[in-house]
Amino acid sequence: MYDSSCIFCRIAAREVPSEILHESDRVVAFRDTNPKAPTHVLLIPKDHIESVTDLRDEHGGLLADLMQAATHLAKAEGIDTSGWRLVANVGPDAGQSVFHLHFHLMGGRQMAWPPG
């Protein structure tokens, strides 16, 4: 499914320029334009799914693809041994500003806890 009003759908469709780092049949990963860490990559499904709360049993393979892409990118970005964080914000109070399922892959610096 494609939503023409969604910036992430438009990035996945290559209608909006972005630094694409990884692409498969179901997943696209690109650099965040407002990075919060030296490595800050967004991983999204190509299909429009608004949030983690919209995931269903049939999305299991997609989630595996997203996690494998994150692991691959952590290695490619050189943060696989030092550590990295994978975050999904769910809803506005958690900081979700684009309502298309996405994961933030962040690393390259010491991360604090709690995060916010």
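Let me start with His102 and its surroundings: in this predicted model, and leaving aside residues up to four places away in sequence, His102 touches Phe8, Leu42, Leu43, Ile44, Val87, Ala88 and Gln96. You will find His102 in the loop between β4, residues 84-87, and β5. Is this histidine buried or exposed? Its relative accessibility comes out at 7%, and because buried means under 20%, His102 counts as buried.

The side chain of His102 also has polar partners, and I would look at two of them on the screen. A polar atom of that side chain lies 2.7 Å from the backbone oxygen of His100, and the side chain of His102 makes a polar contact, at 3.4 Å, with the side chain of His104.

Now to the nonpolar cores, where some of the names we have just heard return. The largest nonpolar core has 16 residues, and Leu43, Leu66, Leu73 and Leu105 are those with the most contacts inside it. Two or more residues are given to this core by each of β2 (27-31), β3 (39-45), α2 (60-76) and β5 (103-107), and the largest share, 6 residues, comes from α2.

Leu105 deserves a moment of its own, since we can list what surrounds it: again not counting residues up to four places away in sequence, Leu105 touches Thr39, His40, Val41, Leu43, Ala70, Leu73, Ala74, Ile79, Trp84, Arg85 and Leu86. There is, finally, a second and separate core of 11 residues, which includes Ile11, Phe30, Leu42 and Val98. Going back to where I began, Leu42 and Leu43 are both among the residues that His102 touches, with Leu42 belonging to the second core and Leu43 to the largest one.

Technical notes
Residues numbered from 1 in each chain as written. Predicted model: local features only at pLDDT ≥ 70, side-chain atom pairs only at ≥ 80, totals over all residues. Heavy atoms only, no water. Core = buried A, V, L, I, M, F, W, Y, C linked by side-chain atoms within 4.5 Å. Buried < 20%, exposed > 50% of the residue type's maximum accessible area, 1.4 Å probe, protein only. Helix = DSSP H or I, 4+ residues; strand = E, 2+ residues; numbered from the N terminus. Contact = heavy atoms within 4.5 Å. Polar contact = N/O pair within 3.5 Å; in protein donor to acceptor, adjacent residues only side chain to side chain.
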